[in-house]
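These are my notebook entries on one protein chain. I record what I looked up and what I found.

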Amino acid sequence: MINELDRILEEVRKDKDLDKETLIKTLEAALLKAAKNRYGHNSEIEAHFNREVGEVELFQFKNVVNEVKNPKSEISLDEAKILDPDAQIGDSLGVKLNTADFGRIAAQTAKQVIIQNIREAERENTYQNYKDRKGELVNGIVQRFDRGDIIVNMGKTEAILPPRSRCPGSTTG
């Protein structure tokens, strides 16, 4: 059964022509940034995409101690035993964070990171597709003229054809 997040990732993958792993890493990075904003930048937090559940899980690592002095970075042995019966003093234990507690600001932060990373991935993808084609003729459809430049639709991307790259006497718009 395909879960909702997998369906969305597949849709975005097709729409943006990006591989699924890039999207998963983007999601993990976005939620990690939101978690660090909420729980503190010095917190030891990791994000992992759980394919079985279809969600990004966040874990905050805490040291197992006898007496908790800093609840942000420490967990008592009794609490640790509930999460992991084999836990011992001195262990570092990953405590799953509830992403539903993040709130509006954390969601906005995650959204900004996702948008920024997808744009960067799209630019990199476009560059990789065209970097070896320098000097080669490619087809495109003139979309519009913009301040002397010709904007050409190349299928999945647009290109700018500046005046210096055109034949002398060609149409300038």
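**Entry 1. A term, and strand E4.** I first fixed a term: a residue is buried when its relative accessible area is under 20%, exposed when it is over 50%, and partly exposed in between. The model I examined is a predicted one. I then looked up the two faces of strand E4, which covers residues 92-97. Leu93, Val95 and Leu97 make up its covered face, whereas Ser92, Gly94 and Lys96 form the uncovered one. Next I asked which way E2 and E4 run; they are antiparallel and are joined by six bridges. Within this pairing, leucine 58 stands opposite leucine 97 in E4.

**Entry 2. Isoleucine 75.** I located isoleucine 75 in strand E3, residues 74-76. Is isoleucine 75 buried or exposed? Its relative accessibility is 6%, so isoleucine 75 counts as buried. I then listed what isoleucine 75 touches, leaving out residues up to four places away in sequence. The list includes Lys62, Val64, Val68, Leu83, Leu93 and Val95. For one of these contacts, leucine 93, I also looked up the C-alpha separation from isoleucine 75: 8.3 Å, with their positions 18 residues apart along the chain.

**Entry 3. Helix lengths.** I checked helix H1, residues 4-16, against the rise of 1.5 Å a residue. Its 13 residues should span 18 Å, and the end C-alpha atoms are 18 Å apart, which agrees. I repeated the check for helix H4, residues 103-130. Its 28 residues reach 41 Å from the first C-alpha to the last, close to the 40 Å expected. I also looked up which residues of H4 are buried: Ala106, Thr109, Ala110, Val113, Ile118 and Ala121. H1 and helix H2 (20-39) are among the elements that cover them.

**Entry 4. Salt bridges.** I recorded a general point before the search: side chains of opposite charge can pair when their charged atoms come close. How many salt bridges does the count give? The count comes to eight. I examined several of them in turn.

- Arginine 13 and glutamate 10 meet in a salt bridge at 2.6 Å, N to O. Both belong to helix H1, and because they are three residues apart, about one helical turn separates them. Arginine 13 is partly exposed at 27% relative accessibility, and glutamate 10 is partly exposed at 28%.
- Lysine 16 and glutamate 122 form a salt bridge at 3.8 Å, N to O. This pair links distant parts of the chain, with lysine 16 in helix H1 and glutamate 122 in helix H4, 106 residues apart. Lysine 16 has a relative accessible area of 31% and is partly exposed; glutamate 122, at 26%, is partly exposed.
- Glutamate 21 and arginine 51 meet at 2.4 Å, N to O, in a salt bridge. Glutamate 21 lies in helix H2 and arginine 51 in the loop between strand E1 (45-50) and strand E2 (55-65), so the pair ties together parts 30 residues apart in sequence. Glutamate 21 counts as partly exposed at 36%, and arginine 51 is partly exposed at 48%.
- I also noted that Glu55, Glu57 and Lys96 are joined into one network by salt bridges that share partners.

**Entry 5. Aromatic rings.** I searched the whole structure for aromatic pairs and found zero. I did find a charge over a ring: arginine 38 lies over the face of tyrosine 39, at 5.5 Å from the ring centre.

**Entry 6. Positive phi angles.** Which value of phi does aspartate 17 take just after H1? Its phi is positive, about 55°, although aspartate 17 is not a glycine. Aspartate 17 is placed in the loop between H1 and H2. With a relative accessible area of 33%, aspartate 17 is partly exposed. Arginine 147, not a glycine either, has a positive phi of about 50°. I found arginine 147 in the loop between strand E5 (141-146) and E6. Arginine 147 counts as exposed because its relative accessibility is 80%.

**Entry 7. The hairpin of E6 and E7.** Finally, I looked up how strand E6 (residues 149-153) pairs with strand E7 (residues 158-161): the sense is antiparallel, over four bridges. Asparagine 153 stands opposite glutamate 158 in E7. Four residues lie between the strands of this hairpin, in which glycine 155 takes a positive phi near 105°.

Conventions:
Residues are numbered from 1 along each chain as its sequence is written. This is a predicted model: local features need pLDDT of at least 70, side-chain atom pairs count only at pLDDT 80 or more; totals for chains, interfaces and linings use all residues. Side-chain values use heavy atoms; hydrogens and water are left out. The expected span of a helix is 1.5 Å times one less than its number of residues. Two strands pair if DSSP finds at least two bridges between them. Buried means under 20% relative accessible area, exposed over 50%, partly exposed in between (1.4 Å probe, protein chains only). Contact means heavy atoms within 4.5 Å. A salt bridge is a side-chain nitrogen of Lys or Arg within 4 Å of a carboxyl oxygen of Asp or Glu. Rings of Phe, Tyr and Trp (its six-membered ring) pair if their centres lie within 6.5 Å; planes under 30 degrees apart count as stacked, over 60 as edge-to-face and the rest as tilted. A charge sits over a ring if NZ of Lys or CZ of Arg is within 6 Å of the ring centre and within 35 degrees of the ring normal.
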